[in-house]
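Subject: A structure to look through

Hello,

I am handing over a structure that I have been going through, and I would be glad if you opened it before reading on. My notes on what was found in it follow below.

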Amino acid sequence: MNNQIIYLDNNATTQVAPEVFEAMKPYFCEKFGNPSSIHRFGGSVAADIENARRQVASLLGATYRDSDNCATEIIFTSCGTESDNAAINAALHALPERKKIVTTAVEHPAVLHYCEELTRQGFTVEKIGVDNCGRLDMQALKKAVDSNTAIVSAMWGNNETGTIFPVKEIAAVAHAAGAYFHTDAVQAAGKVKIDVVDTAVDFLSISGHKLHAPKGVGALYVRRGIIFDPLICGGHQERGRRGGTENVASIIGLGKACEISAANLDEEYAYLKNLRDNFEQKLLASIPRIRINGDLENRLPGTSSVSFECIEGESILMLLDVFGICASSGSACTTGSLEPSHVLRAMGIPYSAAHGTIRFSLSRCNTAEELDFTAGKLPAIIARLREISPYWEEK
């Protein structure tokens, strides 16, 4: 086992599924036509893009079709970051008299950094806090959203802890004030059921490489009837809502990945949850003074954020790497000094635990054998690091 790679960093990126890769291959050397061309060779590619659009729409529960059966509420983008930026930009243009954005303290930098930029352009941004399980302060949200709010942006599921937000309730708060609601569903798509009609979201972002499609492609759901000013201007692609020649092969791959996810959603959810829960139980039974972060009753099924007190996460990762185990740290290196992630800080996780936080994120490619191997190696790794830690005192 230790001669192999055990990849437990699927919230960072996933392996392209073999079926997805096979679906993409013809669009490199055989069906290479430009979908904007009027000849049949390009037209057949355009038709395939529309099929991919319907596949994405089906995963998200988007039911609207135009007279040509095109899922016009789906816009293809380059990634989740572009989708997030485009949604917020569109809302601000659609409601120009409103100058406020309400978001959360634990959003992905794709949202938070764009909001920071918008403050320099004169917009007001209010970040809503969370409790120590990462659950949103709904009372603070209701107080913050007012007649000056253009958009509320809150992620569906957190990329670090897996905590799921009550998106339907958040959408209702936004709409009651006449604001739009956007959710970054990059981590949730393909892992939990999404129904954009039932939840009444206005904008929803996904990214291909988080659900076994390639990097460099994403999608944005835009509810029918919303005035949408493009973030990227150019040609008439995507019905004038996103300029630039389409990344055809990757769009086809994203569509196929969404089709696979939709067909296996319940089975995959149960599989990942079982893997994660068994893994966490083994760690809790074998290693003292650790904590599982997030809302333990309402998490994405394959995300496990574990804090090991009084040691550095980077040291844990280095020793895991010796055994070919790939995970990620809950800390980020900022301006040369090690600081816990903004998510853990917002949750109030003590520094002694936040610095030693590791995120294990699973996919359908992982096995129980891999998780058992990892759980078996961690007790000795943690004990070794605590022996040399100046902060560790056995209690």
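A pocket, as the word is used here, is an open set of grid points with protein on both sides within 12 Å along at least five of seven lines, and a residue counts as lining it if it has an atom within 4 Å of a point. Please keep in mind that this is a predicted model.

With that meaning in hand, the largest pocket has a volume of about 750 Å³, and of the 39 residues that line it, His 108, Pro 109, Asn 159, Glu 160 and His 342 lie nearest its centre. Several elements supply at least two lining residues each, among them α4 (80–94), β13 (331–334) and α11 (342–347), while the most comes from α5, which gives 5 residues.

There are also enclosed spaces, since the structure holds 2 cavities of 30 Å³ or more. The largest cavity has a volume of about 90 Å³, and its lining is made of 14 residues, with Lys 191, Lys 210, Leu 211, His 212 and Glu 268 nearest the centre.

Turning to the strands, you may like to begin with β3 (residues 100–104), which is largely enclosed by the rest of the structure because 5 of its 5 residues are buried. Both of its faces are covered, with Lys 100, Val 102 and Thr 104 buried on one side and Ile 101 and Thr 103 buried on the other. Strand β3 pairs in the parallel sense with β4 (residues 124–128) over 5 bridges, and there Thr 104 stands opposite Ile 128. Between these two strands the chain passes through helix α5 (residues 109–119), in a β-α-β crossover that is right-handed. With strand β5 (residues 149–153), β3 again pairs in the parallel sense, over 3 bridges, and Val 102 stands opposite Val 152.

Finally, the nonpolar cores. In soluble globular proteins, nonpolar side chains tend to be buried together. The largest core here has 67 residues, of which Leu 141, Leu 204 and Leu 254 touch the most other members, and its largest share, 8 residues, comes from helix α9 (residues 248–286). Leaving aside residues up to four places away in sequence, Leu 141 touches Val 102, Ile 128, Leu 136, Val 152, Ile 170 and Val 173, and you have already met Val 102 and Val 152 as the residues that stand opposite each other in β3 and β5. A second, separate core of 28 residues includes Leu 272, Ile 316, Phe 360 and Phe 373.

Best wishes

Notes:
Residues numbered from 1 in each chain as written. Predicted model: local features only at pLDDT ≥ 70, side-chain atom pairs only at ≥ 80, totals over all residues. Heavy atoms only, no water. Core = buried A, V, L, I, M, F, W, Y, C linked by side-chain atoms within 4.5 Å. Buried < 20%, exposed > 50% of the residue type's maximum accessible area, 1.4 Å probe, protein only. Helix = DSSP H or I, 4+ residues; strand = E, 2+ residues; numbered from the N terminus. Contact = heavy atoms within 4.5 Å. Pairing = 2+ DSSP bridges. Right-handed = clockwise from strand over helix to strand, strands pointing away. 1 Å grid on protein atoms, 1.4 Å probe; cavity = no way out; pocket = protein on both sides within 12 Å on 5 of 7 lines; lining within 4 Å. Points joined across faces, edges and corners; volume = space filled by probe spheres on them.
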